[in-house]
Amino acid sequence: MINFAKSYLTAAFPDAWLFGLGALFVLVTIFLPDGVAGLFKRGRFAGKEAR
């Protein structure tokens, strides 16, 4: 899915897709400082309360 999005965005918006990728990087860094695995570690998807 990521490779498809990269290929599509590179072809459709050759000058702008890097800005989108940079924005995604900044948002993930701000809102998910422990990464996606941090969501599992905190129990968001494990069905437990955060400890």
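In what order do the elements of the protein run from the N terminus on? They go α-α-α, and the model you're looking at is a predicted one. The secondary structure adds up to three helices and zero strands. Here's a quick tour, starting with the protein as a whole and then moving to a pocket and a surface patch.

**The protein as a whole**
- The protein has 51 residues, and 8% of them count as buried.
- Its accessible surface comes to about 4800 Å².
- Carbon and sulfur atoms account for 70% of that accessible surface.

**The largest pocket**
- How do you find empty space in a model? You roll a probe the size of a water molecule over the atoms, and that shows where empty space is left.
- The largest pocket holds about 240 Å³ of space.
- Which residues line the largest pocket? They are I2, A5, K6, L9, F13, A16, W17, G20, L21 and L24.
- Two helices each give at least two residues to this lining: α1, covering 2-12, and α2, covering 17-31.
- Sort the lining residues by character and you get eight nonpolar, one polar and one charged.

**A closer look at A5**
- A5 is one of the residues lining the largest pocket, and A5 sits in helix α1.
- Is A5 buried, exposed or partly exposed? Its relative accessibility is 32%, so A5 counts as partly exposed; the middle class runs between the 20% cut-off for buried and the 50% cut-off for exposed.
- W17 is another name on the lining list, and along the chain A5 and W17 are twelve residues apart.
- In space, 9.8 Å separates the C-alpha atoms of A5 and W17.

**A nonpolar patch on the surface**
- F25, V26, L27, I30 and F31 together make a nonpolar surface patch.
- That patch covers about 560 Å².
- F31, one of the patch residues, belongs to helix α2.
- Why does F31 count as exposed? Because its relative accessibility is 61%, and exposed means over 50%.
- So helix α2 turns up twice on this tour: α2 supplies at least two residues of the pocket lining, and α2 also holds F31 from the nonpolar patch.

Note on methods:
Residues are numbered from 1 along each chain as its sequence is written. This is a predicted model: local features need pLDDT of at least 70, side-chain atom pairs count only at pLDDT 80 or more; totals for chains, interfaces and linings use all residues. Side-chain values use heavy atoms; hydrogens and water are left out. On a 1 Å grid over the protein atoms alone, a cavity is a set of points where a 1.4 Å probe fits but cannot get out, and a pocket is an open set with protein on both sides within 12 Å along at least five of seven lines; lining residues have an atom within 4 Å of a point. Grid points are joined across faces, edges and corners, and a volume is the space filled by probe spheres set on the points. Helices (H or I, at least four residues) and strands (E, at least two) are DSSP runs, numbered from the N terminus. Ala, Val, Leu, Ile, Met, Phe, Trp, Tyr, Cys and Pro count as nonpolar, Asp, Glu, Lys and Arg as charged, and the others, Gly among them, as polar. Buried means under 20% relative accessible area, exposed over 50%, partly exposed in between (1.4 Å probe, protein chains only). Patches are made of residues with over 30% relative accessible area and no salt bridge: like charges are joined within 9 Å, nonpolar side chains (Val, Leu, Ile, Met, Phe, Trp, Tyr) within 5 Å. Accessible areas come from the Shrake-Rupley method with a 1.4 Å probe; for residues, only the protein chains shown count as cover. A salt bridge is a side-chain nitrogen of Lys or Arg within 4 Å of a carboxyl oxygen of Asp or Glu.
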